[in-house]
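This report concerns the structure shown below. Please keep the sequence and the model in view while reading.

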Amino acid sequence: MQISALPGAGAEITGVDVRQMTGPEFDRIRAAYAEHGVIFFRDQSLSEDDHIAFARRFGPININRFFQAHERYPEIALVLKEKEQKTNIGGGWHTDHSYDAEPAMGSVLVARQLPDEGGDTWFASMYTAYETLDAATKKEIAGLRAVHSAKHIFGSGNDNFYKANRDTDGRIGNTAAADVLDDVVHPVVITHPLSGTKALYVNPAFTVRIAGYSDEASNALLMRLYAHAMNPAHAHRFKWKPGSVAFWDNRSTWHWAMNDYHGERRLMHRITIEGCALN
Ligand code: SIN
């Protein structure tokens, strides 16, 4: 088994069939995941049961509250765009579940149906984003906390993101679960629970403000941090092929699904693994 770091973010792991990971292979894969934030496999042939078994080796599965589920496997969330639909799921920089008190550890995404062209996913390293901040900004954000919310994305308000995009009806739902979810606060800089490395932990989708800051000061700081974190030098654009699997960590990466394949169907199966409180 070989682990090769990719430019920008992540690592590709070759020479392993993830259905049959040995104990030592599992340990190396878990260490690579902690170090690189996202790992990619090619040429896998995972059934739904194999996908679930792989994810379960890393932790308990989180049943998604908002995504359409696989009709026979509730553990599998569908990330789907039909050929006549215009809005994709995850079409902007974000990290999943930061609106939870214990954000999910990460997700294992398996390609099931791909467009002929396009539908790549960008991944950005929040280890690198933090590491490359200037010393003054690192000092400024040390000890700050930020508020995260799901309401403006998944809630029932008419201007909420998916509600306003009616062609996600059926794919994204359960607005009531977002409406009752309390906003949560996490550190702006976390110490990653697996690697012990510092990571920037704010994101453009779910972070709504810096705690204790005025709106103006909060927006100014968040925009500055986002502009820095979006630097393509901190990111890798992953081109999906049949048999590709991506396994990302929500605490140390952002991702962004490109929406450049109108007229074609794209179906991905996503399993999310439970995480822990962040410090
Ligand atoms: C997501 O989970 O945000 C979707 C990622 C993708 O479809 O590539």
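The sections that follow treat the nonpolar core, two helices, one loop residue and the surroundings of the ligand.

## Model and nonpolar core

The structure is a predicted model. Its largest nonpolar core comprises 67 residues, and the members that touch the most others are Met126, Leu200 and Val245.

Beyond its neighbours within four places in sequence, Leu200 makes contact with Met126, Ala129, Tyr130, Val189, Leu225 and Ala229. Two of these partners, Leu225 and Ala229, are among the buried residues of helix α8.

## Helix α8

Helix α8 spans residues 215-229 and has 15 residues. From its first C-alpha to its last it reaches 21 Å, close to the 21 Å expected at 1.5 Å a residue.

Leu221, Leu222, Leu225 and Ala229 are the buried residues of α8 named here. Viewed down the axis of α8, the buried residues fall within an arc of 95°, so they line one face of the helix. Glu216, Met223 and Ala227 are exposed on the other side of α8. The cover over the buried residues of α8 includes the strands β7 (121-125), β11 (198-200), β12 (207-210) and β15, together with helix α3 (126-131).

## Helix α2

In helix α2, residues 48-56, the buried residues are His51, Phe54 and Ala55. They lie on the same side of α2 because they cover an arc of only 95° around the axis. The buried residues of α2 pack against three strands: β4 (61-62), β6 (106-113) and β16 (266-273).

## A buried loop residue, Ala9

Ala9 is located in the loop between β1 (2-5) and β2 (11-14). Is this loop residue, Ala9, buried or exposed? Ala9 is buried, because 28 other C-beta atoms lie within 10 Å, and 20 or more suffice for a residue to count as buried.

Ala9 and Phe123 are separated by 114 residues in sequence, yet their C-alpha atoms are 6.6 Å apart in space. Setting aside neighbours within four places in sequence, the contacts of Ala9 include Phe123, Ala124 and Ser125, as well as Gly37, Val38, His234, Ala235 and His236. Thr128 and Thr253 are also in contact with Ala9.

## Surroundings of the ligand

The residues around the ligand are Val79, Ile89, Gly90, Leu109, Thr121, His255, Ala257, Met268 and Arg270. This shell divides into five nonpolar residues, three polar and one charged.

Strands β15 (253-257) and β16 each supply at least two residues of the shell. Strand β15 is also part of the cover over the buried residues of α8, while β16 packs against the buried residues of α2.

Technical notes: Residues numbered from 1 in each chain as written. Predicted model: local features only at pLDDT ≥ 70, side-chain atom pairs only at ≥ 80, totals over all residues. Core = buried A, V, L, I, M, F, W, Y, C linked by C-beta atoms within 7 Å. Buried ≥ 20, exposed ≤ 12 C-beta atoms within 10 Å, placed from the backbone. Contact = placed C-beta atoms within 7 Å. Helix = DSSP H or I, 4+ residues; strand = E, 2+ residues; numbered from the N terminus. Arc of directions from axis to C-beta. Near = placed C-beta within 6 Å. Nonpolar A, V, L, I, M, F, W, Y, C, P; charged D, E, K, R; others polar. Expected span 1.5 Å × (residues − 1).
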